[in-house]
Amino acid sequence: VVGERGKEQSVAQRTSAPQASKRRGRAERRWYDYPHYYELGFRDFTGQEADFIEQVCQRYVPEPVERLLEPGCGSGRLVLEMASRGYEITGLDLNRRQLAYCRQRLKRRGLSAQLLEQDMTEFELPERFGAAFNTINTFRHLLTERAAQKHLETVARHLVPGGVYILGLHVYPPDADLEGSERWRAVRGQTRVSYSLTAMEACRRKRLERLRLSMTVRKPSESFRVTDELVLRLYNATQLQRLIARVPQLRLEGVFDFHYQIDEPQLLDDEINDTVLILKHVPVAGAQM
Ligand SMILES: C[S@@+](CC[C@H](N)C(=O)[O-])C[C@H]1O[C@@H](n2cnc3c(N)ncnc32)[C@H](O)[C@@H]1O
């Protein structure tokens with residue numbers, strides 16, 4: 001898998017995100033307001049991600065992990081998967097439709113999870129978690145350094161000592177081409193969905209990129225297109241390392257990529273693109289617990 005724009009990328013590298021569209025279609029159709037179709041484009045990787053989360057818990061967390069947290073859980077593909085594997089899981093998201101969809105699916109499958117409409121930047125829950133996870137670039141929705149740091153501090157505060165935060169995001173090498181687009185498709189029964197993601201502009205100085213997303217749904221009963229835009233924060237390896245260094249409660253314990261191979265650790269350097277960090281909670285004197 002090559003992680004540079006304009007080249008073929010894995011589906012797991014694709015991202016989607018918040019509500020940033022300037023020009024809205026007829027019915028204000030936003031990408032995240034269609035959780036069913038959104039999820040179809042990503043579901044093939046759910047099992048592999050869930051296996052990896054379990055392997056990380058076994059390898060990195062001293063005590064058996066029973067309780068999990070997913071900030072930015074979206075439609076809840078991983079919430080459902082982890083609940084079905086017997087974990088007690090809490091998911092946070094700002095999008096009500098995604099949460100409602102997740103609730104509905106949990107109910108249909110006789111599973112349970114705690115789902116909360118909350119901002120992942122800063123939240124306060126009574127529980128402490130053995131592990132938290134945030135895959136496919138959700139973290140990059142936090143557009144400022146302050147928000148990103150707050151988020152890491154908040155997650156750290158919610159981990160048990162020795163607990164881990166599994167954080168997946170694109171990290172762009174300094175010479176990476178930030179322009180390009182990709183397309184992919186998903187089919188379920190008689191429903192066909194075509195997805196496209198185009199990098200419209202990127203500013204390394206402001207550390208932001210603007211993406212256009214489009215999803216064309218074709219069913220026997222109807223066809224429609226949802227286009228949306230989103231802005232994500234850019235990171236290179238050095239910027240990410242600096243950010244982590246500002247949160248001493250989290251120590252970088254492992255680096256992997258979107259192949260999710262627990263026996264193939266990587267380095268957080270200028271070569272890596274699709275990155276999964278294992279951040280371990282280490283109690284720090286004076287830090288709020
Ligand atoms: C790329 S989706 C990922 C969903 C899910 N984690 C997955 O892997 O399928 C990002 C999600 O983050 C949510 N989100 C964006 N900013 C957020 C914030 N500040 N607090 C909570 N959720 C947020 C969006 O509503 C969206 O559902």
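What share of the 289 residues in the protein chain is buried? Buried residues make up 57% of them. The model is a predicted one. The points below start with the whole chain and then turn to helix α6 and to two buried residues, Thr-154 and Ala-132.

**The chain as a whole**

- Six helices and 11 strands form the secondary structure of the protein chain.
- Among contacts in the chain with a separation of 6 or more, 69% join residues that are 24 or more positions apart.
- The exposed area of the protein chain is about 13200 Å², and 45% of this area comes from carbon and sulfur atoms.

**Helix α6**

- Helix α6 spans residues 237–245, and its buried residues are Ala-237, Gln-239, Leu-240, Leu-243 and Ile-244.
- These residues lie on the same side of α6 because they cover an arc of only 165° around the axis.
- Arg-242 and Ala-245 are exposed, and they sit on the face of α6 turned away from its buried side.
- Which elements do the buried residues of α6 pack against? They pack against the helix α5 (145–157) and against β5 (159–170), β10 (250–256) and β11 (274–281).
- At the start of α6, the backbone nitrogen of Thr-238 has a side-chain oxygen of Asn-236 within 3.1 Å.

**Thr-154 in helix α5**

- Thr-154 belongs to helix α5, one of the elements that the buried residues of α6 pack against.
- The relative accessible area of Thr-154 is 1%, so this residue counts as buried, the cut-off being under 20%.
- Leaving aside residues up to four places away in sequence, Thr-154 touches Thr-121, Glu-122 and Phe-123.

**Ala-132 in strand β4**

- Strand β4 covers residues 129–134, and Ala-132 is in it.
- Is Ala-132 buried or exposed? Ala-132 is buried, because its relative accessible area is 0%.
- Leaving aside residues up to four places away in sequence, Ala-132 touches Leu-69, Val-155, Leu-159, Val-164, Tyr-165 and Ile-166.
- Ala-132 and Ile-166 are 34 residues apart along the chain, yet their C-alpha atoms are separated by 6.2 Å.

Methods:
Residues numbered from 1 in each chain as written. Predicted model: local features only at pLDDT ≥ 70, side-chain atom pairs only at ≥ 80, totals over all residues. Heavy atoms only, no water. Helix = DSSP H or I, 4+ residues; strand = E, 2+ residues; numbered from the N terminus. Buried < 20%, exposed > 50% of the residue type's maximum accessible area, 1.4 Å probe, protein only. Contact = heavy atoms within 4.5 Å. Areas by Shrake-Rupley, 256 points an atom, 1.4 Å probe, with all protein chains shown as cover. Arc of directions from axis to C-beta. Polar contact = N/O pair within 3.5 Å; in protein donor to acceptor, adjacent residues only side chain to side chain.
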